[in-house]
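The following exercises are to be worked with the sequence and the coordinates at hand. Each task is followed by a stepwise solution.

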Amino acid sequence: MTTINKEQVQLLEDTYGLKDKVVVVTGSSKGIGATIAKEFAKKGAKVVVNYNASSSAAENVVDEITQLGGTAIACKANVSNIEEAKSLIEQTVNEFGRIDILINNAGITRDRTFRKLSEAEWNEVINVNLNSVYHTTSAAINTMLEQKFGRIINISSIVGQAGAFGQTNYSAAKAGMIGFTKSLALETAKNGITVNAICPGYILTEMTAEIPENVMESIVSRIPMRRLGTTTEIAEACIFLANSEYITGQCINVNGGAYM
Ligand code: CAA
């Protein structure tokens, strides 16, 4: 990550309307979530870095943000558990007085061809990737309605649109996020709340590092831009949606042309 000085931070804050906005990013101790947290902080937002197990990685994200003069706290919560998700949102509102932007990013894979897929692997992925979205959003929605302002951004996936070999569980959860996004967008549009999804393609993270080399070669050969995306490219799409008043119920593809 390139570092920037305080004058540059000020310029970014003036350019984008995110100063003092309160943002919760689920699963932001590493990967796409960590970059989203840092990029929002650079633009003046107050960031809640949610993690489940990786406390030291989450503290590192918070330290990076505070060293740049930004504001962030780390908050442990397993968002697949409704009580812990509620507590994450309650702690956010207690600390910062509001919640403006909720980024549902937490996600896992348990890749297996369907015939070998266990019920536990199915449930784990549906709970972490999809039920978590219900848990956090239901906890945050009343505050957003009272504020008459909210941005909900769901990090779905190209796999929710196109499917992928060995990913029935993940694909079902990610497609579910897209349906959820559109329905909630309809219900909240008149209340100043936008709900959108981002569908990343294959992004350079620990998750894609686990893809077997031969499978990865075939994936890259099918990406028109012939490269994986970066976490910053996903964060930029989140910032765009957070700043937009008139985009709702949409699914923004950030995938190098891999699905159109
Ligand atoms: N395409 C076509 N055939 C495949 C295949 C593929 N990608 N992967 C495996 N197969 C075939 C095997 O060759 C084998 O064929 P035969 O029976 O004829 O030998 C058959 O499928 C069964 O293979 P396995 O016994 O190895 O199957 P498995 O149940 O152990 O699962 C796998 C293997 C998990 C699918 C493994 O191939 C894999 O990890 N693939 C990558 C999955 C992937 O792309 N994950 C993306 C992670 S990143 C992400 O998800 C982020 C995002 O949002 C994009």
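**Exercise 1.** In which loop is Lys 148 found? Characterise its backbone and its exposure, and then treat Arg 226 in the same manner.

*Solution.*
Step 1. The model is a predicted one. Lys 148 is found in the loop between α5 and β5.
Step 2. Its phi is positive, about 55 degrees, although Lys 148 is not a glycine. Most residues other than glycine have a negative phi.
Step 3. Lys 148 has a relative accessibility of 61% and, because exposed means over 50%, it counts as exposed.
Step 4. Arg 226 lies in the loop between α9 and α10 (231-243). Arg 226 is not a glycine either, and its phi is positive, near 55 degrees.
Step 5. With a relative accessible area of 53%, Arg 226 is exposed.

**Exercise 2.** Examine two residues of helix α5: is Thr 137 buried or exposed, and how far apart in space are Asn 123 and Gly 17?

*Solution.*
Step 1. Thr 137 is found in helix α5, which spans residues 119-147. The relative accessibility of Thr 137 is 4%, so this residue counts as buried, the limit being under 20%.
Step 2. Leaving aside neighbours within four places in sequence, Thr 137 is in contact with Leu 102, Asn 104, Ile 152, Phe 180 and Leu 184. With Asn 104 there is a polar contact of 3.3 Å between the side chains.
Step 3. Asn 123 is also placed in helix α5. It is partly exposed, at a relative accessible area of 33%.
Step 4. From C-alpha to C-alpha, Asn 123 and Gly 17 are 39 Å apart, with a sequence separation of 106 residues.

**Exercise 3.** Why is strand β6 described as largely enclosed by the rest of the structure? Identify the strands joined to β6.

*Solution.*
Step 1. Strand β6 comprises residues 193-200; eight of the eight are buried, so the strand is largely enclosed by the rest of the structure.
Step 2. Consider the two faces separately. One side carries Ile 193, Val 195, Ala 197 and Cys 199, the other Thr 194, Asn 196, Ile 198 and Pro 200, and all of these are buried.
Step 3. Strand β5 (residues 150-155) runs parallel to β6 and is joined to it by six bridges. Ile 153 stands opposite Asn 196 in β6.
Step 4. Four bridges join β6 to strand β7 (residues 251-254), again in a parallel arrangement. Cys 199 has Asn 253 of β7 as its bridge partner.

**Exercise 4.** How many residues surround the ligand? Describe the polar approaches to the ligand and the composition of its shell.

*Solution.*
Step 1. The ligand is surrounded by 19 residues, the closest being Asp 111, Thr 113, Lys 116, Ser 157 and Tyr 170.
Step 2. By class, nine residues of the shell are nonpolar, seven polar and three charged.
Step 3. Helices α8 (206-209) and α9 (213-221) each supply at least two residues of this shell.
Step 4. A polar side-chain atom of Thr 113 lies 2.6 Å from an oxygen atom of the ligand. For Ser 157, the distance from a side-chain N or O atom to a ligand oxygen is 2.6 Å. For Gln 167, the corresponding distance is 2.9 Å.
Step 5. The ligand taken alone exposes 1,000 Å², of which the protein buries 59%.

How values were computed. Residues are numbered from 1 along each chain as its sequence is written. This is a predicted model: local features need pLDDT of at least 70, side-chain atom pairs count only at pLDDT 80 or more; totals for chains, interfaces and linings use all residues. Side-chain values use heavy atoms; hydrogens and water are left out. A residue is near a molecule or strand if one of its heavy atoms lies within 4 Å of it. A polar contact is a pair of N or O atoms within 3.5 Å; within protein, one must be able to donate a hydrogen and the other to accept it, and residues adjacent in sequence count only if both atoms are side-chain atoms. Accessible areas come from the Shrake-Rupley method with a 1.4 Å probe; for residues, only the protein chains shown count as cover. Ala, Val, Leu, Ile, Met, Phe, Trp, Tyr, Cys and Pro count as nonpolar, Asp, Glu, Lys and Arg as charged, and the others, Gly among them, as polar. Buried means under 20% relative accessible area, exposed over 50%, partly exposed in between (1.4 Å probe, protein chains only). Two strands pair if DSSP finds at least two bridges between them. Contact means heavy atoms within 4.5 Å.
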